Amino acid sequence: MRRLRFIPVLLAIFLTACSENIIEHSPDREDEVFGTVSIALSANMDNEIVGTRADADEPVLDDFRVAIYKSENQMRLFNDSYANACSAEIQLNAGNYRLVAQHGDTLGCGFNKPYYLATKDFEVQAGVNTVEAEAKLANVKMAVNYHETISAGYADYYAIVKHQTHKGKNV
């Protein structure tokens, strides 16, 4: 029974030593560098789309969802609509981040479910930092349908599909 009286005293000493150790290793808030981030988003809508996708609505920039992630641990630090984010100045610690802006059904596939995406890695330094990103059509699905007369005339056949930019370079 005598020994049980010392357990609370030892526990209190141990917790006091641990809490002082944690305080000593925490960074000083005065030494941290902060910066503000403003977001500028644009969307590339000049896609030559053929087929059932042509009747889909073009996205409005204000409807995009904007998120900012910390690069090291992929922790989301900011999530809002672009309508609110474009006028806000977001304060972040100095470091590396990733901007993700999206519009549409991210899990859907097919031409009738358009999905636009913009990603941009950026670094925050002291002062005002502007992040510019361009959203493009992200879920593109190609289908090549052969007529039955091709299979009757050829034993082996295939198709090559290329995307060509407006500057004439293949991507």
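This is a short conversation about how some labels in this predicted model are earned.

Reader: How confident is the predictor in the chain, and where is confidence lowest and highest?

Author: The mean pLDDT of the chain is 75, and 67% of its residues reach 70 or more. Helix H1 (residues 6-25) has the lowest confidence, with a mean of 57, while strand E2 (residues 65-70) has the highest, at 93. Over residues 19-28 the pLDDT stays under 50, and the model has one contact beyond four places in sequence for them. Residues 50-55 are also below 50, with six contacts beyond near neighbours in sequence. Where pLDDT is low, the predicted coordinates should not be read in detail.

Reader: Thanks! Let's turn to the sheet. What is the order of its strands, and why do E3 and E4 count as edges?

Author: Happy to. Seven strands form an open sheet in the order E3-E2-E5-E6-E7-E1-E4, with mixed pairing. E3 and strand E4 (90-93) each have a single partner strand, so one side of each is left without a neighbour in the sheet. On average, neighbouring strands of this sheet are turned by 25° against each other, direction ignored.

Reader: What makes E2 and E5 a pair?

Author: Two strands pair if there are at least two bridges between them. E2 and strand E5 (residues 95-104) have six bridges, in the antiparallel sense, so they meet that requirement. Within E5, Ala101 is the residue that stands opposite Val66.

Reader: And how does strand E1 pair with E4 and with E7?

Author: Strand E1 (residues 34-43) pairs with E4 in the antiparallel sense over four bridges, and Phe34 stands opposite Asn93 in E4. With E7, E1 pairs in the parallel sense over nine bridges. There, Leu41 has Ala133 of E7 as its bridge partner.

Reader: Why is Ser81 called buried?

Author: Buried means under 20% relative accessible area. Ser81 has 15%, so the label buried applies. This residue lies in strand E3 (residues 76-81). Leaving aside neighbours within four places in sequence, Ser81 is in contact with Asp62, Phe64 and Arg65.

Reader: What about Ala138: why is this residue called partly exposed?

Author: Partly exposed covers what is neither under 20% nor over 50%. The relative accessible area of Ala138 is 37%, so Ala138 is partly exposed. You will find Ala138 in the loop between strand E7 (127-137) and helix H3 (148-153). Not counting residues up to four places away in sequence, Ala138 touches Tyr115, Tyr116 and Leu117. Ala138 and Leu117 are 21 residues apart in sequence, with 5.8 Å from C-alpha to C-alpha.

Reader: How many salt bridges are there, and what makes Lys70 and Glu72 one of them?

Author: The structure holds two salt bridges. The cut-off is 4 Å between a side-chain nitrogen of Lys or Arg and a carboxyl oxygen of Asp or Glu. For Lys70 and Glu72 the closest N and O atoms are 3.5 Å apart, so the pair passes the cut-off. As for exposure, Lys70 is buried at 18% relative accessible area, whereas Glu72 counts as exposed at 56%.

Reader: How do you know that Arg98 and Asp121 form a salt bridge?

Author: Their N to O distance is 2.6 Å, so the pair also lies within 4 Å. This pair links distant parts of the chain, with Arg98 in strand E5 and Asp121 in strand E6 (residues 115-124), 23 residues apart. Arg98 is partly exposed, with a relative accessible area of 29%.

Reader: Why is the aromatic pair of Tyr97 and Phe122 called stacked?

Author: A search of the whole structure finds one aromatic pair. Tyr97 and Phe122 are 5.9 Å apart centre to centre, with 25° between the planes. Centres within 6.5 Å make a pair and planes under 30 degrees apart count as stacked, so both conditions hold. Tyr97 lies in strand E5 and Phe122 in strand E6, so the pair ties together parts that are 25 residues apart in sequence. Tyr97 and Phe122 are buried.

Reader: One last point: what is notable about the phi of Gln74, and where does Gln74 lie?

Author: Gln74 has a positive phi of about 55° although this residue is not a glycine. Gln74 lies in the loop between E2 and E3.

Methods:
Residues numbered from 1 in each chain as written. Predicted model: local features only at pLDDT ≥ 70, side-chain atom pairs only at ≥ 80, totals over all residues. Heavy atoms only, no water. pLDDT = per-residue confidence, 0-100. Helix = DSSP H or I, 4+ residues; strand = E, 2+ residues; numbered from the N terminus. Contact = heavy atoms within 4.5 Å. Buried < 20%, exposed > 50% of the residue type's maximum accessible area, 1.4 Å probe, protein only. Axes fitted to C-alpha atoms, helices over the stretch in contact; angles between N-to-C directions. Phe/Tyr/Trp six-rings, centres within 6.5 Å; stacked < 30°, edge-to-face > 60°.
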